[in-house]
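Here is a short tour for anyone about to work with these coordinates. Have the viewer open as you read.

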Protein chains: 2
Amino acid sequence: MSHAIPMVDVWRGPFLESTHVGHAVVCDASGHIVQAWGDADAVILPRSSTKMIQALPLVESGAADAFGLTDAQLALGCASHEGAPIHTDMVSKWLAELGLSDSDLRCGAEAPRDRKAKHAMIRAGGSPSQMHNNCSGKHSGFLTLTKHLGAGTEYVDPAHPVQLAVKDAFEDVTGMDSPGFGIDGCSAPNFGTTVHGLARAMAFFAAANEGAADGRERAAAKLTRAMATYPELVAGQGRACTELMNAMGGNVAVKTGAEAVFIAILPEQKLGVALKIVDGATRASECAIAAILVKLGVLEPKHPATLKRMNAPIKNWRGIETGIIRVADGFA
Amino acid sequence: MSHAIPMVDVWRGPFLESTHVGHAVVCDASGHIVQAWGDADAVILPRSSTKMIQALPLVESGAADAFGLTDAQLALGCASHEGAPIHTDMVSKWLAELGLSDSDLRCGAEAPRDRKAKHAMIRAGGSPSQMHNNCSGKHSGFLTLTKHLGAGTEYVDPAHPVQLAVKDAFEDVTGMDSPGFGIDGCSAPNFGTTVHGLARAMAFFAAANEGAADGRERAAAKLTRAMATYPELVAGQGRACTELMNAMGGNVAVKTGAEAVFIAILPEQKLGVALKIVDGATRASECAIAAILVKLGVLEPKHPATLKRMNAPIKNWRGIETGIIRVADGFA
């Protein structure tokens with residue numbers, strides 16, 4: 001085991017004010033490590049970075065086709081969205097098509113992260129519903145599979161057929177037994193793996209072919225394309241996932257997870273990337289994933305979406321630039 | 001130099017999901033280290049944890065007395081407040097007494113952190129003023145000293161007499177030359193020091209006597225008492241500084257700073273404490289300062305304000321307890 005290495009530095013004037021260490025792995029389709037920083041075998045909870053794995057059974061089972069889900073819906077099924085109208089309207093319609101409603105979700109109510117939607121709600125004296133939860137697309141996917149399987153309503157129970165199918169897919173694509181799970185913010189089980197295991201899973205997605213004989217492989221390819229095609233549905237305006245995917249022109253899928261996990265799926269290169277910042281800071285995971293994507297040649301170093309993460313100016317209340325967030329010396 | 005040590009762990013189910021390392025020093029009135037963790041000589045920017053030092057010239061110069069400032073105003077002068085009415089009303093009155101207004105502040109406009117005040121502002125279609133800035137009390141103090149000195153309006157300029165006086169006081173109480181400054185969120189210069197230097201300054205405050213011959217010492221004692229007497233003015237409802245000071249019954253002053261700095265002033269024990277979490281996470285600095293205060297015997301381990309920081313349950317959107325933030329093994 002090796003230690004986490006410095007990945008991201010936060011400067012204020014001449015001072016290195018804070019610093020973030022982490023682990024990262026770039027993996028090829030055979031599961032081999034192309035490059036690693038820190039400890040590839042560090043055990044992590046992938047959190048929302050695993051949503052495209054959690055969506056595999058939905059597609060593989062035939063449920064997505066049976067219910068006529070569009071690619072846009074599949075992208076939303078892999079999303080940590082902002083609860084803007086483009087997200088909640090689609091969830092609302094999706095639930096209605098299933099003959100279900102907000103109360104069938106089990107993700108919990110969360111205020112929209114989209115500023116405009118949030119302020120509109122406050123002005124109207126409203127309160128958030130479960131549809132506003134950033135995971136409501138994933139949960140709509142869980143409900144679709146639940147209905148397809150004729151299973152019970154408590155679909156976030158770790159023993160529910162939907163979660164058993166997720167666990168099976170998760171262990172298959174990560175190439176290892178999961179050491180267990182934690183309960184996520186949205187109440188679904190979140191299976192643990194290593195940074196290497198998560199990168200291996202992403203390499204599986206990267207190398208997957210929509211014309212393959214294997215249903216899991218077809219599902220992985222379809223979900224990757226859906227994410228890369230609809231960046232605004234996977235996160236939202238101004239968010240890292242959306243802006244970075246737009247900057248890469250639909251060629252790469254990326255996804256953040258809480259507590260500073262980030263993954264990337266590079267279909268052209270057939271590479272998967274996974275990283276975890278040890279302290280859980282999102283500002284650092286966004287910077288680090290951008291650095292790796294630049295290094296891999298798929299993200300323009302001078303693109304505004306890149307500069308916003310890799311050389312993010314820190315501005316104060318008067319708009320004065322007081323510091324910068326940037327890649328630590330020696331990393332990527 | 002020694003490495004930062006693990007101080008705070010974030011668990012989710014059976015997994016150590018994230019971890020925070022830091023430096024901390026407990027110092028006595030002679031400047032000697034009573035106990036240290038990590039690197040006592042690590043250079044840090046103390047950020048808002050230095051506000052009582054920045055207020056020394058205000059009191060020491062006679063400006064506070066000349067303008068009849070109350071202890072409540074002095075507490076607000078050391079505050080990172082929430083922009084609730086109890087804070088902004090006092091700032092508004094203070095500025096009026098100086099014959100000044102919001103536009104004379106140089107801290108910048110910041111939305112109130114107080115949820116009720118923020119929502120009321122959104123509903124009214126209003127926008128934040130500089131008075132809502134968490135530093136507006138400190139800036140009212142700067143303006144009071146500016147007026148007392150008959151100095152120019154740009155009081156956050158590092159060459160302004162107010163900031164020169166702050167630098168002089170800062171280097172005196174930290175017991176060392178400052179290696180320089182960064183510009184803070186509120187546009188004032190923020191002088192660097194070491195963790196030991198900051199703890200030494202806090203020990204000076206802790207040992208200071210209001211009846212002393214030395215004006216700086218009298219000022220330090222007065223400011224400490226003001227902070228400990230008015231916890232709700234120093235931060236606000238539900239905030240760590242306010243709740244921890246209330247829990248310690250006015251016997252100890254504590255103050256947070258951005259990027260995970262925290263200090264404590266223990267007058268009865270004549271001890272000063274300073275800590276910095278290397279990655280800048282506030283959830284960790286709040287946990288670590290509580291652990292040190294418990295260890296020093298001034299904070300009840302079972303007090304709700306303590307448990308909220310040292311064993312903070314992580315609850316998800318449905319209110320399910322999914323994890324806990326707690327002190328790392330081997331620290332404090």
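The notes below cover confidence, symmetry, one helix and two backbone angles.

## Confidence

Please keep in mind that this is a predicted model. Its scores are ipTM 0.96 and pTM 0.97. For chain A, the average pLDDT is 97, and 100% of the residues score at least 70.

## How the two chains are related

In general, a rotation about an axis and a shift along it relate two copies of a chain. Here, a turn of 180° with a shift of 0.0 Å along the axis lays chain B on chain A, leaving an RMSD of 0.0 Å. That is the relation of a two-fold axis.

Which residue of chain B comes closest to the rotation axis? It is B:R123, whose C-alpha sits at 2.3 Å from the axis. As for the interface, 100% of the interface residues of chain B are also interface residues in chain A, so the copies meet through the same surface.

## Helix 7 of chain B

Helix 7 of chain B has 14 residues, running over residues 136-149. At 1.5 Å a residue it should span 20 Å, and its end C-alpha atoms are 20 Å apart, so the expected and modelled spans agree. Just after the helix comes B:G150, with a positive phi near 65°.

Is this helix mostly covered or mostly exposed? It is mostly covered, with 11 of its 14 residues buried. The buried residues are B:S136, B:G137, B:K138, B:H139, B:S140, B:G141, B:F142, B:L143, B:T144, B:L145 and B:T146. Their packing partners within chain B are helix 1 (51-54), helix 2 (56-60), helix 3 (63-66), helix 4 (71-77), helix 5 (85-97) and helix 8 (161-174).

## Two positive phi angles in chain A

If you check backbone torsions, look at A:R47, which is not a glycine yet has a positive phi of about 50°. A:R47 belongs to the loop that joins strand 4 (43-44) to helix 1 (51-54) of chain A. Its relative accessibility is 6%, and since buried means under 20%, A:R47 counts as buried.

The other one to visit is A:K270, again a residue other than glycine, with a positive phi near 55°. You will find A:K270 in the loop between strand 9 (261-266) and strand 10 (271-277) of chain A. With a relative accessible area of 43%, A:K270 is partly exposed, because that class lies between the 20% cut-off for buried and the 50% cut-off for exposed.

Conventions: Residues are numbered from 1 along each chain as its sequence is written. Chains are lettered from A and ligands numbered from 1 in the order in which they are written. This is a predicted model: local features need pLDDT of at least 70, side-chain atom pairs count only at pLDDT 80 or more; totals for chains, interfaces and linings use all residues. Side-chain values use heavy atoms; hydrogens and water are left out. Copies are superposed by least squares on the C-alpha atoms of residues with pLDDT of at least 70 in both. Contact means heavy atoms within 4.5 Å. pLDDT is the predictor's confidence in each residue, from 0 to 100. Helices (H or I, at least four residues) and strands (E, at least two) are DSSP runs, numbered from the N terminus. Buried means under 20% relative accessible area, exposed over 50%, partly exposed in between (1.4 Å probe, protein chains only). The expected span of a helix is 1.5 Å times one less than its number of residues.
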